[in-house]
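Me: I have a chain open on my screen and would like to talk it through with you. Could we take it one question at a time?

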Amino acid sequence: MQDDLLQVRSVGVNFYVLRDSAGLYLIDGGFIAGRSRLARALRKRGWDNDPIVGIVLTHGHLDHILNVGRIAKDSGAWIAAPRLETAHYAGRPVYRGAARVTGWLEAVGRPLLGFRSFTPDRLLDDGDSLDIWEGLTVVGLPGHTDGHSGFYSQERKLLFCGDLFASYGRLSHLPPRIFNDNSGQIPGSISKALTLELQGVLPNHCDHSTPESHFALLKELARRHKRAEQ
């Protein structure tokens, strides 16, 4: 990771902390034990006295937003999140098709894990800009959820790509259908991501490999999908 970028690993999913002169920004808020792991990671990096200024969300699945309401309340951070995911933030998402399995799991998990609903301070659309970390651009990458979005740093040629794919070496894969609103949109979202000028990508479900390694795996997944269609 770069000096101003930190990966935090919580149960089943990672999230990220960005640092600039104004303070810290989270990309997603982690899942079970996410807050304690965030505190530990910040202490280890020496950032524990820096304010958490903002929280930016890739989408509304519970493993990404479980802790967001509490972190925002404790820190006073603003929340910026995709416009099409507002039902998730209120704790009332509607799932269709195979994704109804996810809906059932989240309905059990929200009260069990202490989810606190929240209202974003800013709703994000494809192409919007965030004036943090030398500038991030919102990239709509639908399929996993309707509002699923990535965040692109043109300065660093880096894309925080959310759940566009899972990157675990030879076990890398697209998100399973039971977690997707529309699996058919995901190949198009991958193609859209690959039109960006990139040197690396950072998924939320991944191992400790470099952004460059994850990028290579994403390109390989795209090639495999294209061959399967032929």
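Me: Let's start with a pairing: which residue in E10 stands opposite Phe 151?
Reply: Happy to help, and a word on the ground rules comes with it. This is a predicted model, where local features need pLDDT of at least 70, side-chain atom pairs count only at pLDDT 80 or more, and totals for chains, interfaces and linings use all residues. Residues are numbered from 1 along each chain as its sequence is written, and side-chain values use heavy atoms, with hydrogens and water left out. Opposite Phe 151, in E10, stands Phe 160.

Me: How many bridges join E9 to E10?
Reply: Strands here are DSSP runs of E with at least two residues, helices are runs of H or I with at least four, and both are numbered from the N terminus. Two strands pair if DSSP finds at least two bridges between them. E9 and E10 form a hairpin with four residues between them, and Lys 157 in the turn has a positive phi of about 55°. The two strands run antiparallel, and the number of bridges joining them is three.

Me: On the E8 side, which residue is the bridge partner of Val 138 in E9?
Reply: Strand E8 covers residues 136-140 and runs antiparallel to E9, with four bridges between them. One of the facing pairs puts Thr 137 opposite Tyr 152. For Val 138, the bridge partner in E9 is Phe 151.

Me: Is strand E9 largely enclosed or left open by the rest of the structure?
Reply: Buried means under 20% relative accessible area, exposed over 50%, and partly exposed in between, with a 1.4 Å probe and protein chains only. In E9, Ser 149, Phe 151 and Ser 153 point one way while Gly 150 and Tyr 152 point the other way, and all are buried. In a regular strand the side chains alternate between the two faces of the sheet. Because five of the five residues of E9 (residues 149-153) are buried, the strand is largely enclosed.

Me: Which strands stand at the edges of this sheet?
Reply: The sheet is open, has five strands in the order E7-E8-E9-E10-E11, and shows mixed pairing. The edge strands each have a single partner strand, so one side of each is left without a neighbour in the sheet. They are E7 (129-130) and E11 (200-203).

Me: Turning to the interior, which residues does Leu 38 contact beyond its neighbours within four places in sequence?
Reply: A nonpolar core is a set of buried Ala, Val, Leu, Ile, Met, Phe, Trp, Tyr and Cys residues joined through side-chain atoms within 4.5 Å. The largest has 27 residues, and Leu 38 is among those with the most contacts inside it, along with Val 17, Ile 55, Leu 57 and Phe 118. A second, separate core of 18 residues includes Leu 5, Leu 18, Val 138 and Phe 160. With contact meaning heavy atoms within 4.5 Å, Leu 38 touches Val 8, Phe 15, Val 17, Leu 26, Ile 52 and Ile 71.

Me: How many disulfides does the count come to?
Reply: A disulfide is a pair of cysteine sulfur atoms within 2.5 Å. Cys 161 is buried at 0% relative accessible area, and Cys 206 is buried at 1%. The sulfur of Cys 161 has its closest cysteine sulfur in Cys 206, and because the separation is 8.2 Å, they are too far apart for a bond. The count of disulfides is zero.

Me: In the loop between E10 and H6, which residues does Gly 169 touch, not counting those up to four places away in sequence?
Reply: Gly 169 lies in that loop and is partly exposed, at 29% relative accessible area. Ser 183 is found in the loop too; Ser 183 counts as buried at 18% and is in contact with Gly 143 and Arg 177, leaving aside neighbours within four places in sequence. For Gly 169, the residues touched are Asp 207 and Leu 217.

Me: Finally, what is the radius of gyration of the chain?
Reply: The chain has seven helices and eleven strands, and buried residues make up 51% of its 230 residues. The radius of gyration is taken over C-alpha atoms, and the globule rule is 2.2 Å times the number of residues to the power 0.38. The rule gives 17 Å for 230 residues, and the chain's value is close to that, so the chain is as compact as a globular protein of that length: its radius of gyration is 16 Å.
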